[in-house]
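User: Hi, I am new to this one and would like a guided tour. Could you put it up so that we can go through it together?

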Amino acid sequence: MRPFTFERAKTPADAAAAAARHPDAKFIAGGTNLLDLMKLQIETPAHLIDVNGLGLEKIEATQEGGLRIGALVRNADLAAHHRVRRDYGVLSRALVAGASGQLRNMATTAGNLLQRTRCPYFYDTNQPCNKRLPGSGCGAIGGFSRPHAVIGVSDACIATHPSDMAVAMRVLDATVETINPDGSARKIPIAKLHCLPGDTPHIETVLMPGELITGVTLPKPVGGKHIYHKVRDRSSFAFALVSVAAIVQPDGTGRVALGGVAPKPWRVEEAEAELPRGAKVFTARLLAGARPTPENAFKLRLVERIVASVLAEAKGAQV
Amino acid sequence: MHNPENAESPRGATDLTRREFLIAGTATVALTGCMGLGTKSATEMKPQQAAATRVSFHVNGKPCQLELDNRTTLLDALRERLHLTGSKKGCDQGQCGACTVMVGDRRVVSCLTLAVMHEGSLITTIEGLGTPEHLHPMQTAFVKHDGYQCGYCTPGQICSAVAMLREIKAGMPSHVTSDLTAQPKLTADELRERMSGNICRCGAYSNIAEAITEIAGRTA
């Protein structure tokens, strides 16, 4: 790990202002992803701003009947919150499908959204990676690409976003709240938080330097059957090959977002009109324009099959 | 003991441990091997002032004050500065669980958190759960059911298991919990899912599961 200076911020505004004073600073909350990357010198911040003391660990009802989740709410606490379990089951399910008990006790809501890809070429500093070292090339394209993205990719990068939680947040139409170093706040729909790689895969979100996530708001519950189905190489503690977050209403309409297939949680609202027509028609729309590699083309069929299984489960059929 | 750091150690002054004996032996060999190459003096190794931070926390009920290189993980602070070597460094990337300790009531992997992030924390390591004379019931159960082979993962397994039973009691759901709104029970599937953050390379899983199941039956 490279040496760095360290400070404990007291308020969100302090933290954002501290980040403005130190252009090479990073915020640290759970640390489960950042420290891992710092040990490998993939992340080399000159200054760390500990945001654990900001008092952002509340979960509160909003006036609109939704829920406001503080940025520092730990994944385990969010999954176990009675309102989340009752009204936003897909979020509980996605959270407990990720990581291990220990990591869920540490990882925060904001940190989970901002975690970086687990692409093995990103993690191996001997390999080219446009995300880690812009302009160095992509080892995954033409290399080992079984776990990689099939849609939303570019010639520069085919890495996936690894989060389960973010996929559920996407299907729930969450809003991310932030504060800037100048003290101004803004709200970013989760659909707009993550960027597709294009020519700049090192730019992963629309957050500005020093901008700090303070919370995530969920709109009023929409009812329906909440399902999160994750397929991975081990039955526990592994990243998704494909995951499907779904909210299906009794009339067969609903919403679906995918994990493990794209550089961001993948949802196409226009495709959802096809949901009542079944998994095949819907998936064809959802994945239109996909660019899989020979090694990960299986994900297209896998998505269709998981969606079919999810729709059957929602109808109450045995799966 | 001549080590001035013992002043800050919750272990306190004791006789030479097996570990210190081994380190002393290795250092002698290393020194012999490096003669004339020039080794860094202790002052050169000292962290720069700006890259060090003072932190106070409680470990196993005892207060500790440390001045630490900011890069020091909680695991390294426990092992290298406080000489609590029960918590083990396996993968050092949060995947094996050998370094599991409790911060407050919660199990965490101490390799993926910085010690300086724990100002005021109450930390419990395997040394604080039980002593050789007064084992924690979970330790007794691991011995009884032979829940280990080499023993390297055991402190992490035991800390994790104790905290995991509290999580079930608190009603926290897992990936295999069928009804999210019901109180979860410790079935075999629940146990295996909830303990998936602790790897046992020797494969003592069935005995580990028996030990935890026995204690769960008692505390349920």
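Analyst: What follows is a walk through the two chains, topic by topic.

User: What should I know before reading anything off it?

Analyst: This is a predicted model, in which local features need pLDDT of at least 70 and side-chain atom pairs count only at pLDDT 80 or more, while totals for chains, interfaces and linings use all residues. Residues are numbered from 1 along each chain as its sequence is written, chains are lettered from A and ligands numbered from 1 in the order in which they are written, and side-chain values use heavy atoms, with hydrogens and water left out.

User: What ipTM and pTM does the predictor give the complex?

Analyst: The complex gets an ipTM of 0.96 and a pTM of 0.92 from the predictor. For chain B, the average pLDDT (the predictor's confidence in each residue, from 0 to 100) is 86, and 77% of the residues score at least 70.

User: Where in chain B does pLDDT stay under 50?

Analyst: One such stretch is residues 1-7 of chain B, for which the model has 12 contacts (heavy atoms within 4.5 Å) beyond four places in sequence. Another is residues 29-45 of chain B, with 2 contacts beyond four places in sequence. Where pLDDT is low, the predicted coordinates should not be read in detail.

User: OK, and how many helices and strands are there in chain B?

Analyst: Chain B has 8 helices and 5 strands, where helices (H or I, at least four residues) and strands (E, at least two) are DSSP runs numbered from the N terminus. Along the sequence the pattern reads α-α-β-β-α-β-β-β-α-α-α-α-α. Of the 220 residues in chain B, 47% are buried, a word that means under 20% relative accessible area, with exposed meaning over 50% and partly exposed in between (1.4 Å probe, protein chains only).

User: Which way do strand 1 and strand 2 of chain B run, parallel or antiparallel?

Analyst: Strand 1 (residues 52-59) and strand 2 (residues 62-69) of chain B run antiparallel and are joined by 8 bridges; two strands pair if DSSP finds at least two bridges between them. B:Phe57 stands opposite B:Cys64 in strand 2. Their hairpin has 2 residues between the strands, and B:Asn60 takes a positive phi near 50° there.

User: And strand 5 of chain B?

Analyst: Strand 5 (residues 122-124) of chain B runs parallel to strand 1 of chain B, with 2 bridges between them, and B:Ile123 in strand 5 is the bridge partner of B:Val59.

User: Why do the buried residues of helix 5 of chain B line one face?

Analyst: The buried residues of helix 5 (residues 137-145) of chain B are B:Met138, B:Gln139, B:Ala141, B:Phe142 and B:His145. Seen down the helix axis, they fall within an arc of 160° (taken from the directions from the axis to the C-beta atoms), so they line one face of the helix. Just after helix 5 of chain B, B:Asp146 takes a positive phi of about 60°.

User: Is B:His83 buried or exposed?

Analyst: B:His83 counts as buried, because its relative accessibility is 12%. B:His83 sits in the loop between helix 3 (74-81) and strand 3 (100-103) of chain B, and its phi is near 60°, a positive value in a residue other than glycine.

User: Let's switch to the core. Which residues touch the most other members of the largest one?

Analyst: The largest nonpolar core (a set of buried Ala, Val, Leu, Ile, Met, Phe, Trp, Tyr and Cys residues joined through side-chain atoms within 4.5 Å) has 50 residues, of which A:Leu78, A:Leu91, A:Leu113, A:Met169 and A:Leu218 touch the most other members. Helix 9 (residues 165-171) of chain A gives the most to this core, with 6 residues. A second, separate core of 34 residues includes A:Leu48, A:Phe237, B:Cys64 and B:Val103.

User: Last one: what does A:Asn105 touch?

Analyst: Not counting residues up to four places away in sequence, A:Asn105 touches A:Arg74, A:Ala76, B:Arg106, B:Arg107 and B:Glu167. A:Asn105 belongs to helix 6 (residues 101-106) of chain A and is buried, with a relative accessible area of 5%.
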